[in-house]
Amino acid sequence: MKSLRRGVLAAVATPVDDQGRANLSTFSTLVDFVLERGVDGIVVGGATGEYASFSQQQRSSLLVEGTRRAGDGFIVIAGIGAQTLLQTLALADAAADAGCKAVLLPMPYFFHYQQDDLMEYAQVVSRSTKLPCLLYHLPSFTNGMTLDSIVQLIDLGTLVGLKDSSGDSKNLPALVQARTGKSFDLFVGDDSQALAALKAGWDGVISGIACFLPELLVKIAETFRAGDVAEAERLQGDLDRVIEEVVKIPIPWAVRLGLEARGIDPGPLALPLSSRRAGQVAAYRKWSRQWIADRDWVKPL
């Protein structure tokens, strides 16, 4: 596989219809939207895509549509998170059939497992898939892995990379050191660490906020790599301001409402709104529309 390094990938949401089913037409619009704004590729079926809410058939259809829209010029990575080995491998096969470049493997959620269980799972999946496999460290929502376990998996050599969404700053230098001399791609998944990871020598960013603000993540990476660290830091400050608002409501909701502010209708939210939540959602809608309108770098839909 061509190295994924030095990339900004958008972790895309899954638009839905009024019945909560994946809306492939709007999904196509979303894929075009992020790719036209400079990202190097997309991740389909990750946490931003709310993968636990969709059937394997729907997820397979999204992979087919995502690779079709992206074509050969962009990277498409398939999230293959599931609750059993057989379900995970079925999704990995679907990703290969769809033409994805790699798969992204989060640990199982809901039930708690020990580190040796998770390491065996990661090893079996990465050895069994037709595509290169990246580990997805997502401890806020799935079984978490220790730094020692991740380093051991890097040393074993069957994985090709990592997306770390833990937000643990200690991982930034430690994992750069752990992959020394190895072909192993490091992507940060916590947007608050985007610039810090690049400074530490990480290869790229897989960003949920890039789903609705792709221009901002692309500008951070481009200005940093051009040597304009001061501008990159200013842009990271803009991103941090967005994060302050995003985390006030469930993050998938914030991403969906951000898309709405960009002119893409992602469909209804997954849950009904209490009066308190309705007020928060209204405030976020108002803030996001104004914040986006004030940025001259935003490319209209």
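**View A. Helix 8 and helix 9, side by side in a predicted model.** Let's start where helix 8 (residues 214–225) and helix 9 cross: their axes come within 8 Å, at an angle of roughly 160°. Angles over 145 degrees count as roughly antiparallel, and that makes helix 8 roughly antiparallel to helix 9. The hand of this crossing is left. On the helix 8 side, look for L216, L217, K219, I220, T223 and F224. Across from them, helix 9 brings V229, E231, A232, L235, Q236, D238 and L239. Sort the residues of this contact by class and you get 8 nonpolar, 2 polar and 3 charged.

**View B. Helix 2 meets helix 3.** Here we move to helix 2 and helix 3 (residues 85–98), which pack with their axes 9 Å apart and at an angle of about 25°. Under 35 degrees counts as roughly parallel, so that is the description that fits helix 2 and helix 3. Helix 2 goes past helix 3 in a right-handed crossing. To find the contact, pick out Q56, R59, S60, L63, V64 and T67 in helix 2, then Q87, A90, L91, A94, A95 and A98 in helix 3. That set splits into 7 nonpolar, 4 polar and 1 charged.

**View C. Helix 4 packs with helix 5.** Next come helix 4 (residues 115–128) and helix 5 (residues 147–156), with axes 11 Å apart and an angle of about 30° between them. With that angle, helix 4 and helix 5 are therefore roughly parallel to each other. Their crossing is right-handed. Helix 4 puts Q115, M119, A122 and Q123 into the contact, while helix 5 answers with S149, Q152, L153 and L156. What does the class count look like here? The contact of helix 4 with helix 5 has 4 nonpolar and 4 polar residues, and no charged ones.

**View D. The largest pocket and its lining.** This pocket holds about 760 Å³. Want to find its middle? Of the 31 residues that line the pocket, A47, T48, L138, F141 and I251 are the closest to its centre. Strand 8 (204–207), helix 9 (229–246) and helix 10 (251–261) are the elements that give two or more residues to the lining. Which element gives the most to the lining of the largest pocket? Helix 10 does, with 4 residues. By class, the pocket's lining comes to 17 nonpolar, 10 polar and 4 charged residues.

**View E. The largest cavity, with its lining residues.** Rolling a probe the size of a water molecule over the atoms shows where empty space is left. How many cavities of 30 Å³ or more turn up in this model? The count is 1. About 70 Å³ of space lies in the largest cavity. Going around its lining, you'll meet T14, V44, G45, G49, Y51 and F54, among others. The lining also includes R59, L62, L63, G79 and L91. Helix 2 (residues 56–70) supplies the largest share of this lining, 3 residues. The class split for the cavity's lining is 6 nonpolar, 4 polar and 1 charged. A few names may ring a bell from View B: R59 and L63 of helix 2 and L91 of helix 3 belong to the contact between those helices, and R59, L63 and L91 line the largest cavity too.

Notes:
Residues numbered from 1 in each chain as written. Predicted model: local features only at pLDDT ≥ 70, side-chain atom pairs only at ≥ 80, totals over all residues. Heavy atoms only, no water. 1 Å grid on protein atoms, 1.4 Å probe; cavity = no way out; pocket = protein on both sides within 12 Å on 5 of 7 lines; lining within 4 Å. Points joined across faces, edges and corners; volume = space filled by probe spheres on them. Nonpolar A, V, L, I, M, F, W, Y, C, P; charged D, E, K, R; others polar. Axes fitted to C-alpha atoms, helices over the stretch in contact; angles between N-to-C directions. Parallel < 35°, antiparallel > 145°, perpendicular 65-115°, else oblique. Left-handed = near helix turned anticlockwise from the far one by under 90°. Contact = heavy atoms within 4.5 Å.
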